[in-house]
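Trainee: Could you walk me through this structure, one feature at a time?
Mentor: Gladly. Let us open it and begin.

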Amino acid sequence: MELKKLGEFGLIDRIARLASRKHPSIIQGIGDDAAVLRLTEKESLLITTDLLTEGIHFETSSTTPYLLGKKSVAANLSDIAAMGGTPLYYVVSLSIPPRTPYEFIQKLYQGMRAQAQQYGAALVGGDTTASAAPITISIALMGTARTGTVLYRHGARRGDAVYATGFLGDAALGLLMIQKGKALSGRNRLIRRHLDPVPRVEEGKAISRLRLASSMIDISDGLVADLRHILEQSHAGATLRLSRLPLSAPYKKLCKTFSDDFYVPALCGGEDYELLFTVPPRKRHAVETWARTLTIPITHIGEITGNSGKLKILDDRDREVAISKRGFTHF
């Protein structure tokens with residue numbers, strides 16, 4: 001079967017079956033934002049990896065090597081944040097054409113270092129190889145978390161509220177602006193959100209430490225796609241309300257200029273790197289109290305239902321809205 005027919009997540013399922021042998025230290029293997037390995041009775045090691053390929057994830061004509069370095073680390077930091085962990089170390093594998101100027105690589109790693117140091121992570125190794133065509137950046141990031149407070153994609157239960165950090169759809173709309181050749185200034189908020197995302201590491205640690213959530217994931221493939229991961233692993237359904245989606249002022253102003261559907265970038269666009277989490281009813285007051293201490297919004301956007309795998313999206317008149325797109329997938 002061709003990968004195009006199997007799909008990205010079908011491929012991941014097949015690989016998981018091939019890697020099904022258990023080791024006593026494995027708490028969580030393939031299937032979440034990071035692997036979770038037992039270090040001690042109370043502490044776990046988190047490991048995640050992410051791959052960025054020129055022409056698929058980025059174009060050198062629309063970013064700078066410094067911002068590319070920052071974003072490549074941010075994608076990994078976001079995975080650790082989704083587990084409620086603390087980043088520690090990372091390694092970088094770089095495949096790059098021999099004629100690339102050294103200055104490009106220097107600025108790329110400077111961007112990585114700036115992003116990682118902001119959250120306490122250090123570069124400890126990696127590998128380099130020549131490439132005949134595109135640049136490929138592969139990063140593996142390690143972190144730690146208290147075993148009892150690690151958050152997973154499974155765990156959502158009927159009656160839980162669905163929350164999201166920050167604003168949704170800005171990065172996807174920024175990408176549309178780049179693709180249409182409009183306002184190619186890094187100073188534009190929407191474009192900046194695509195080129196230089198902010199991983200919610202501190203928010204993820206707080207959600208874990210305060211035991212606010214029953215499940216969590218980062219929004220990298222799009223709100224709908226990532227919520228479906230929670231629903232599939234939690235054997236639950238959900239209802240989302242369009243009127244509650246947190247949309248920024250620039251998004252509201254410019255979306256109709258660059259998107260045929262006002263809500264599609266927020267629902268299906270990827271690379272927001274916000275956190276999507278579910279909260280039991282008894283914890284909602286604590287979430288609202290915590291949210292008032294932050295500089296970013298924490299928004300209640302829906303509810304978990306008992307309809308396993310069923311996701312309903314409702315407009316402001318409680319009418320169900322059909323969404324044909326599911327978010328970003330490879331193959």
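Trainee: Which residue with a positive phi follows α3?
Mentor: That is G84, with a phi near 80°. Keep in mind as we go that this is a predicted model.

Trainee: What should I look at in the helix itself?
Mentor: A general idea helps here: an α-helix has 3.6 residues a turn, so residues three or four places apart point the same way. In this model, helix α3 covers residues 65-82, 18 residues in total. From its first C-alpha to its last it reaches 26 Å, close to the 26 Å expected at 1.5 Å a residue.

Trainee: Is α3 largely enclosed or largely open to the outside?
Mentor: Largely enclosed by the rest of the structure, because 17 of its 18 residues are buried.

Trainee: How do I read a nonpolar core, then?
Mentor: In soluble globular proteins, nonpolar side chains tend to be buried together. Here the largest nonpolar core has 45 residues, and those touching the most other members are Y90, M112, I137, I207 and F277. The element that gives the most to this core is α3, with six residues.

Trainee: Which residues are in contact with I207, leaving aside its neighbours within four places in sequence?
Mentor: They are L151, L212, A213, M216, L275, F277 and W290. There is also a second, separate core of 36 residues, which includes I178, I217, I230 and F258.

Trainee: Let us move to the sheet. What is the order of its six strands?
Mentor: The order is β8-β10-β7-β11-β9-β12, in an open sheet with mixed pairing. At the edges sit β8 (215-219) and β12 (311-314), each of which pairs on one side only. From one strand to the next, the twist averages 25°.

Trainee: Which helix packs on this sheet?
Mentor: Helix α8, residues 223-234, which touches β8, β9 (237-241), β10, β11 (298-305) and β12. The direction of α8 makes about 155° with that of β8.

Trainee: How many bridges join β7 to β10, and how do the two strands run?
Mentor: Four bridges join β7 (residues 161-165) to β10 (residues 274-279), and the two run antiparallel. To find one of the partners, start at A164: its bridge partner in β10 is L276.

Trainee: And how many aromatic pairs does a search of the whole structure find?
Mentor: Three. One of them is Y251 with F262, an edge-to-face pair at 5.6 Å centre to centre with 80° between the planes. Y251 lies in helix α9 (residues 249-258), while F262 is 11 residues away in the loop between α9 and α10 (264-268). F262 also forms an edge-to-face pair with Y263, at 5.0 Å centre to centre and 85° between the planes. Together, Y251, F262 and Y263 form one aromatic cluster.

Trainee: Are Y251 and Y263 buried or exposed?
Mentor: Y251 counts as buried because its relative accessibility is 0%. Y263, at 26% relative accessibility, counts as partly exposed.

Trainee: What about backbone angles away from glycine?
Mentor: Most residues other than glycine have a negative phi, and most peptide bonds are trans. In this model, H235 has a positive phi of about 55° although it is not a glycine. E271, also not a glycine, has a positive phi of about 65°.

Trainee: Where are H235 and E271 placed?
Mentor: H235 is in the loop between α8 and β9, and E271 is in the loop between α10 and β10. H235 counts as exposed, since its relative accessibility is 62%. E271, in turn, is buried, with a relative accessible area of 17%, which falls under the 20% cut-off.

Note on methods:
Residues numbered from 1 in each chain as written. Predicted model: local features only at pLDDT ≥ 70, side-chain atom pairs only at ≥ 80, totals over all residues. Heavy atoms only, no water. Pairing = 2+ DSSP bridges. Axes fitted to C-alpha atoms, helices over the stretch in contact; angles between N-to-C directions. Contact = heavy atoms within 4.5 Å. Expected span 1.5 Å × (residues − 1). Buried < 20%, exposed > 50% of the residue type's maximum accessible area, 1.4 Å probe, protein only. Core = buried A, V, L, I, M, F, W, Y, C linked by side-chain atoms within 4.5 Å. Phe/Tyr/Trp six-rings, centres within 6.5 Å; stacked < 30°, edge-to-face > 60°.
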